[in-house]
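Subject: Structure handover

Hello,

Here is the structure for you to look over. My notes on it follow below.

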Amino acid sequence: MCYVIVTSRTLLWTLLTIASALSMLAAVVSPYWLYGAPRMITSRNRLPVVQRPAAPTISSVTYEDGLQDFVPRPMVHEHTLSGGKEAVFYPTVGIFNRCTRIQHVHDDLYNYNCAPFVSSLSMPSDEFPGFWKASLFFFAIGLFLMTLTAATSVIGCCIRAIKRKSIFTISGTVQAVAGLFYILGLVLYPAGWGSKRITLLCGVDADYYMLGGCSFGWAFYLAIGATLSTFVCSVLSVQADISTSSDKVQDEIFEGKNLICLL
């Protein structure tokens, strides 16, 4: 007979497991792991003088990290530039994406742009550090394991054993392994700070495990918090297992109840 058992400790373990997995996912996909040195840009007031149709041409778009794209321009614009206003912004970078200002050379326009800088895993280490590739790999494995335990934490309300092994203790062991993969990812990430991409962002003082002119972003701290909460989940799984076999639960079973809720 199937019994659905929900206790305060199993509920806490389930919610924390899901929250930890979502927090790490948000951290990994975020481009706010590092904030670069402040950059100064000048926006100018443009007074349109002539606007005439012309054959489509190509306009260059320059990124702060030195990359260039080319976009079609269906019109030719001539402007008179007057005045100016300076502004400060902070470029950011994550594991595989970044945020910066892009400049349209012919228009003198700056637009905020966040996008992945990775086109393939075979990119040179100066553009996509090998340590970041390894870090992303370990985070992906940890997230996969935590996704599995999030599913088993919900299933554990009905199925509490797999081949006579507690589903809670099995899940707790898997969560501990996921936490170790997270630690490997966090340790390897700073090893990529010696790449050209980071020296362009943080200055020439940036090196392996040395930030230079950069500072940590909120996503880095979120990843650390998600790692710690993963280990907390591993510990709570033991308490969740104990709570489902308590005397109160057994009394409810003896009374013939199939749905047991002890909060």
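How many residues does helix α3 have, and how far does α3 reach from its first C-alpha to its last? Helix α3 (residues 167-188) has 22 residues and reaches 32 Å, close to the 32 Å expected at 1.5 Å a residue. The expected span is 1.5 Å times one less than the number of residues. Helices here are DSSP runs of H or I with at least four residues, strands are runs of E with at least two, and both are numbered from the N terminus.

Before the rest, two notes on the basis. This is a predicted model, with residues numbered from 1 along each chain as its sequence is written. Local features need pLDDT of at least 70, side-chain atom pairs count only at pLDDT 80 or more, totals for chains, interfaces and linings use all residues, and side-chain values use heavy atoms, with hydrogens and water left out.

Overall picture

The chain has six helices and eleven strands. Of its 263 residues, 38% are buried. Buried means under 20% relative accessible area, exposed means over 50%, and partly exposed is in between (1.4 Å probe, protein chains only). The accessible surface of the chain comes to about 14100 Å² (Shrake-Rupley method, 1.4 Å probe). Carbon and sulfur atoms hold 65% of that surface. Take the contacts (heavy atoms within 4.5 Å) with a separation of 6 or more. Residues 24 or more positions apart account for 73% of them.

Helices

Back to α3. Its buried residues include Ile167, Phe168, Ser171, Gly172 and Gln175. Further along, Tyr182, Leu186 and Leu188 are also among them. The cover over the buried residues of α3 includes α1 (8-29), α2 (130-155), β8 (161-162), β9 (165-166) and α5.

Helix α5 (residues 218-243) has 26 residues. It reaches 36 Å from first C-alpha to last, close to the 38 Å expected. α5 has a kink of about 25°, centred on Leu236. The bend at a residue is the angle between axes fitted to the seven residues ending there and the seven starting there. Cys233 counts as buried, because its relative accessibility is 0%.

Disulfides

The structure holds two disulfides (cysteine sulfur atoms within 2.5 Å). With the bonded cysteines numbered in sequence order, the pairing is 1-2, 3-4.

One disulfide joins Cys99 to Cys114, S to S 1.8 Å. This pair links distant parts of the chain: Cys99 is in strand β6 (residues 97-104), Cys114 is in strand β7 (residues 109-116), and they are 15 residues apart. The S-S torsion is about 115°, so this disulfide is right-handed. Cys99 is buried at 1% relative accessibility. Cys114 is partly exposed at 40%.

A disulfide also joins Cys202 to Cys214, S to S 1.7 Å. Cys202 sits in helix α4 (residues 196-202), and Cys214 sits in the loop between α4 and β10 (215-216), twelve residues apart. The torsion about this S-S bond is about -90°, so the disulfide is left-handed. Cys202 is buried at 4%, and Cys214 is buried at 9%.

Strand β1

Along β1 (residues 4-7) the side chains alternate. Ile5 and Thr7 point to one face and are buried, while Val4 and Val6 point to the other and are not. β1 pairs with strand β11 (residues 259-262) in the parallel sense, over four bridges. Strands pair if DSSP finds at least two bridges between them. Ile5 stands opposite Ile260 in β11.

Best wishes
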